[in-house]
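Visitor: I am new to this structure and would like a close look at a single part, the sheet in the first chain, together with whatever surroundings help me to place it. Please take your time and connect one point to the next.

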Amino acid sequence: MKKRSQWPKLVLLFVAMALVAAACGGDDDAGAGGDTTTTAAAAPAATTTATTEAAPATTMAPEPTTTTAVEMQPCVASIGFIGPITGPVAFIGEVQLNWMQYAVDVFNEELSIDISIVEGDNQFDTAQSATLAAQFVDNADMVAAVGPAGSDNVDAAGAVFEDLDSDFSFVSPSSTRVGIAATYTGMFRTVPTDAEQGPTTADYMIAQGASKVFLIDDQSSYSTGLADSTTAALEAGGVEVVTESVSQDVTDFSALVSTIPDDADFVYLPWQVAANGQIFANQMAEQGKTIRIFGSDGMDSEDFTAAGSLVATFAPDIAGVAGSADLLAGFLAEYESTNTFGPPVFVAAQVIIEATYRVCMTGATPDRASVQAEIRNTDLADSILGSPVSFTSDGDLAGGQFFISEIQEDGTKKIAG
Amino acid sequence: MEFFLQQTVNGLTLGSVYALLALGYSMVYGILKLLNFAHGEVYMFGAFAGYGVLTVLGGASAPLVPIWLMILLMFLAAIVVSSTIGVTLERFAYRPLRNSTRIAPLISAVGASFFLQAAALLLFTANSRTYDAPKLIAIQTGIPIGPIRVWMVRVLVIVTSFTLMILLTLWVNRTRTGKAVRAVSYDREAAAMMGIDVDKVIVVTFLIGSALAGVGGVMVGLVFGRVFHLMGFVAGLKAFTAAVVGGIGSIPGAMFGGLLIGFAEAYTTGYLSSTFQNLIVFGLLIVVLLVRPRGLFGRQELVKV
Amino acid sequence: MSQIGVDQWVEQSDERRDRYSGWTAPARRAFDKLPTGWKLAVLLGAVAVYPLLVPQGEIRIGITVLLLAMLALGLNVVVGWAGLLDLGFVAFYGFGAYFYAIVASDQLPAHWPTWIAIPIIVAASALLGALLSLPSRRLVGDYLAIMTLFFAQIFVELVRNFGRLPFVSEDLDLTGGPNGIPGVEAWDLFGFQINSFKRHYYLLLILTVVLIAGLHNLNASRTGRAWRALREDTLAAEHMTTPVNKLKLLAFVVGAAIAGLAGSIFAAVQVGVFPNNFALPFLITIYAAVILGGSGSISGVVLGAVAIGYIPDA
Amino acid sequence: MSDEMSDSAALLTLSDINTFYGQIHILQDISMEIRIGELVCLLGGNASGKSTTLKTILGIVSPRSGTIEFDGADVTEKSTSFRIAQGMAIVPENRRLFAPMTVLENLEMGAYLRDDDHSEDLEQVYQLFPLLADRKGQLAGTLSGGEQQMVAMGRALMSRPKLLLMDEPSMGLAPILVEQSFEIIQQVHEAGVSILVVEQNANMALSIADHGYVLATGRIVLADTAEVLTEHEGLKKAYLGR
């Protein structure tokens, strides 16, 4: 017999080490098998007056209806979060979770309520999203959830929510595929769909006199949806579109850069990973290609700073929006960096929290049905994105629009259209 | 012609990085018959080590030391970090399993790979980092080759890779330890019978293979820019393909395979489509294996009954 | 050594028990001491009442575990019994899942009855397994592993970019590209819809038990013994006139058929299929179940799947 | 066990060696001795434990009990490379040349543990096997069986060993080459090297040996001088085919 007694232990040890490391990856990361952990909510406002100076603008929160609110029973609920905290696009999930935590802290304090977060790490895996959705439905304290990111994960989780409890609301901060919100009763989203971004992008290019556009998608669900709607709008406007695609895993685009036709007016990159866009820009410069890059909202990030390039963005400029500047500064003071995937999470959390709050204000205990009804009634005059927030009957963001900004030499962005 | 030349340079850059990585795979496979799945993560840590040095010394836009010294220090740091990880892996993940079933070290390698990925996520977070090399060495500086101009960083990468490959070939063929590596990889027991300390030779192999991976990591950071915790997986897969196409275990095979994959990717993207870049590379591998089951440079092992 | 006259097999039975490999060895040793009838009763009883006692999320995990158990059983045939290092196994799972999703959704649109779709999917998966085993005639050991690994990679690349293939017209995007195929229909067994977590759980449980019984018999058969001979020493097996190629083919076929069946259930459970479901990390999960449980043993790999399914991140 | 006295001191002494592979008891209470300048042969059939004995002597396999003394020191716990540094060398079964390396490189591997200049030893090996000087640049795997045997012998001699271990030197060689091979062994022996030859070909081995041991199922069943063993009736029947 060969010796066989010791290796399984070692393998187990390694798996265990990997688990420990993975578990420490997120702040209070939940396991991917669907385990969830509850992060304690922030302390009530009365005891934290010291921070009121840094407190965010109150303009965005609904005015408390009456000063006798003190008499009411405390407003307690938990909200789920499904996002890729670890895995291939963990840079999205990390920022999203930070904004989620930030939103809960801000509103708990401002509204004197007690909302807690249940984190769910789906690792960008649809099977995990489905399991998390089922667990969220089981959690009686949970009124609604933020997430998931990515339209395929929305499909997986949405099917479960629809099947088990269509009163359960989930507000996606980054799913943009056209028509998906109509499929699931409980789905809302705080980002405009590809139906808005694609035509806005195309219109801008057409206005600039484009006759030929080189389009490269990154083979993700996000990217292909956007590529399709933009292509359709461009072709309708008589623009020739040359399409290519490249996997997100690739980090050398020089061969692809060489194939950019010299007579193209724009290179359109609807990419999820802004850092890849930066490499692409560098490699264009290296080969002396001067065609302008046009990035989607995924490229609206500090990772992409190629001067002269254009990016689509939800907001004219978050830092310039009155009220948002303070919130952004407050966030950065705590979490250092952000990207385009963050602020819509803040809005998603805000929508759910305020809906819950409004239910509490009527004297009722918040439950899923009442919270969903109040989410439908959402009517924010202003948001951190600098635009009003309300939903269509499908759950899509009403009147969502995109802006085009140009990246300046110093890395800042200036609205171009 | 200009287009072809440009794609050739692109392929050569990518191929020489793959070759450096493939060498580590091939050397370890040659000596232990082990697919070291964690090799890509060793390379990833090398890239992060280079990034660390760059950041500590002021970053690409405001370097505190001369550029040549900066790059030298980045390579040195990567070599130290990567070879330390490589040797540690050998000691704790593979050596205890050396006499067990074939599949056990393979699983251990996969576990080590996951572990290192998770550790990188914990240490460096999920954000992409960038070397911002164009600020270090301006993208306009380069040497003209016919109608095109090749960026200095690319020249550095290609020249360094080829120098290292030549040095490695000389080392393996001319030095006593190098010959011992070959002897152990051919017949471990017979080598032990000659008094060769097999454990030591294996450690040296991991040391060199991992150091090459570290150098490759810094090169990728310099020439392509993006450094992130999952970068090892795909690069590892490609390098591994390169090693297999060349004939895993063969040093010239790994170099040839790396360059072949680099060229295949560049020409596929240039003349066909980037969509099927991976499909074509993996398809190429399968064709090579079907025609030559042991790779282009692989040797036919004697069948013992 | 041993005394003459004492049956060595009997004498060493405790020793054999000690030789159980894998993480679950102590539990299996304890379990071995129960009488056989009791064993089955304890096990089946526990797993059968389980979904009645727990909330939906737990049943969903139970489904994941059972799917993983089926896959581990299939992989065990290829790796644990025949000793063929197949790293393309996950592609058969994906093939079954995509096949079912394509014929049971609005994708084509074709809405095949389940009783027609499933046998065809299982047969097609088996055929694909047979095709993949052809190159294994020439490849040994790690080269087989590499070849099959790239088969798995190519599968994911293909489903992710199917609509862009040069010979595919734009209207025939079978796989839905990166978006996958949402809205997959439930199994419908002559009017009985498998459309809840509980029903999926019981369907999987029944199939797993049938599978275990079938594999148990197969393992005890001549084929099972021949596989073990193949695993221990291919060359020697060849010299003893074992039809090596036929055995390899059979192992691949059985494994692929099981994976294809599991895939068709997965597509229905998830109500959709997406390319990332069949990427390399999931293959590693299946391997982990087989290895941790103790490759080669039916009860071992099932327990391995239970352990891995409940440990997050593994 | 033979306890004959001899003029020269013991070079290698095995005392009560027991070796296991897992549960299987391979070597049982092996005791044997090789004196300085002696040529000893170890005879036995397939699976009698010959190769394991050699591996135990070299330290590739460690015994569960018993001691091994070499050149006056206890080496039971020492590594293979230590023993080789102390003066053991082996010509392994099937020669085990490094096929993809040249003849010269193979010879150099034989002197791996020596840091000093070994050109002199190389000259001696070339003198013994002039053919190898012509073939030094050729890959060892491309040589004929007889030539490979020479490389293997030469490789072992490169370390200037006190004790040369030979594992089945006649295996796989044509009869004429077997004779040649044993002539070379004798030649090396006459040059003053102590040798242990492990063989199935008892006739050939006994014809050049001083002493012999016979191994069967892991035990030493006979031990005596070569003359006595050659005439031993049982051995004749079992091994010598007479």
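Guide: In chain A, residues 24 or more positions apart account for 74% of the contacts with a separation of 6 or more. This is a predicted model, and what follows describes that model. The chain has 417 residues, of which 63% count as buried, and its secondary structure comes to twelve helices and 15 strands. Its accessible surface is about 14300 Å², with 52% of that belonging to carbon and sulfur atoms.

The part to look at is an open sheet of seven strands in chain A, which follow one another in the order β8-β7-β9-β10-β11-β14-β15, with mixed pairing. At its edges are β8 (240–245) and β15 (413–415) of chain A, each of which pairs on one side only. On average, and with direction ignored, neighbouring strands of this sheet are turned by 25° against each other.

It helps to walk through the sheet from β9 of chain A, which covers residues 266–269 and is joined by four bridges to β10 of chain A, residues 292–295, the two strands running parallel. One position to find here is A:L269, whose bridge partner in β10(A) is A:G295. The next step leads from β10(A) to β11(A), which also run parallel and are joined by two bridges; here A:F294 has A:L310 as its bridge partner in β11(A). After that the direction changes, for β11(A) and β14(A) pair in the antiparallel sense over four bridges, and A:T313 finds its bridge partner in β14(A) at A:F403.

Strand β11(A) deserves a pause, and a general point prepares for it. In a regular strand the side chains alternate between the two faces of the sheet. In β11(A), A:L310 and A:A312 lie on one side and A:V311 and A:T313 on the other, and with all four of them buried, both faces of the strand are covered.

Two helices can now be placed against these strands. Helix α6 of chain A, residues 194–207, lies across β7 (212–217), β9, β10, β11 (310–313) and β14 (403–407) of chain A, and runs at about 170° to β9(A). Helix α9 of chain A, residues 274–286, lies across β7, β9 and β10 of chain A, and its angle to β9(A) is about 160°.

Strand β7 of chain A also takes part in a charged pair. Side chains of opposite charge can pair when their charged atoms come close. The side chains of A:D263 and A:K212 meet in a salt bridge, at 3.2 Å from N to O. This pair links distant parts of the chain, since A:D263 is in the loop between α8 (254–258) and β9 of chain A whereas A:K212 is in strand β7 of chain A, 51 residues apart. The two partners can be told apart by their accessibility: A:D263 counts as partly exposed because its relative accessibility is 49%, while A:K212 has a relative accessible area of 13% and is therefore buried.

From the sheet one can look outward to the neighbouring chain by way of helix α9 of chain A, which covers residues 274–286. A:E286 forms a salt bridge with B:R154, the closest N and O atoms being 2.4 Å apart, and the count of salt bridges between chain A and chain B is one. The contact between the two chains involves 44 residues of chain A and 47 residues of chain B. The size of an interface is often given as the accessible area lost when the parts come together. For chain A and chain B, the area buried between them is about 3700 Å², and 61% of it is on carbon and sulfur atoms.

A last glance at the other chains gives these pairs a setting, since the count over all chains comes to 26 salt bridges. In chain B, B:E90 forms a salt bridge with B:R98, where the closest N and O atoms are 2.7 Å apart, and B:E90 counts as buried because its relative accessibility is 1%. In chain D, the side chains of D:E168 and D:K50 meet in a salt bridge at 3.1 Å, N to O, and both residues are buried.

How values were computed
Residues numbered from 1 in each chain as written. Chains lettered and ligands numbered in written order. Predicted model: local features only at pLDDT ≥ 70, side-chain atom pairs only at ≥ 80, totals over all residues. Heavy atoms only, no water. Pairing = 2+ DSSP bridges. Axes fitted to C-alpha atoms, helices over the stretch in contact; angles between N-to-C directions. Contact = heavy atoms within 4.5 Å. Buried < 20%, exposed > 50% of the residue type's maximum accessible area, 1.4 Å probe, protein only. Areas by Shrake-Rupley, 256 points an atom, 1.4 Å probe, with all protein chains shown as cover. Buried area = accessible area lost by both parts, 1.4 Å probe. Salt bridge = Lys/Arg side-chain N within 4 Å of Asp/Glu carboxyl O.
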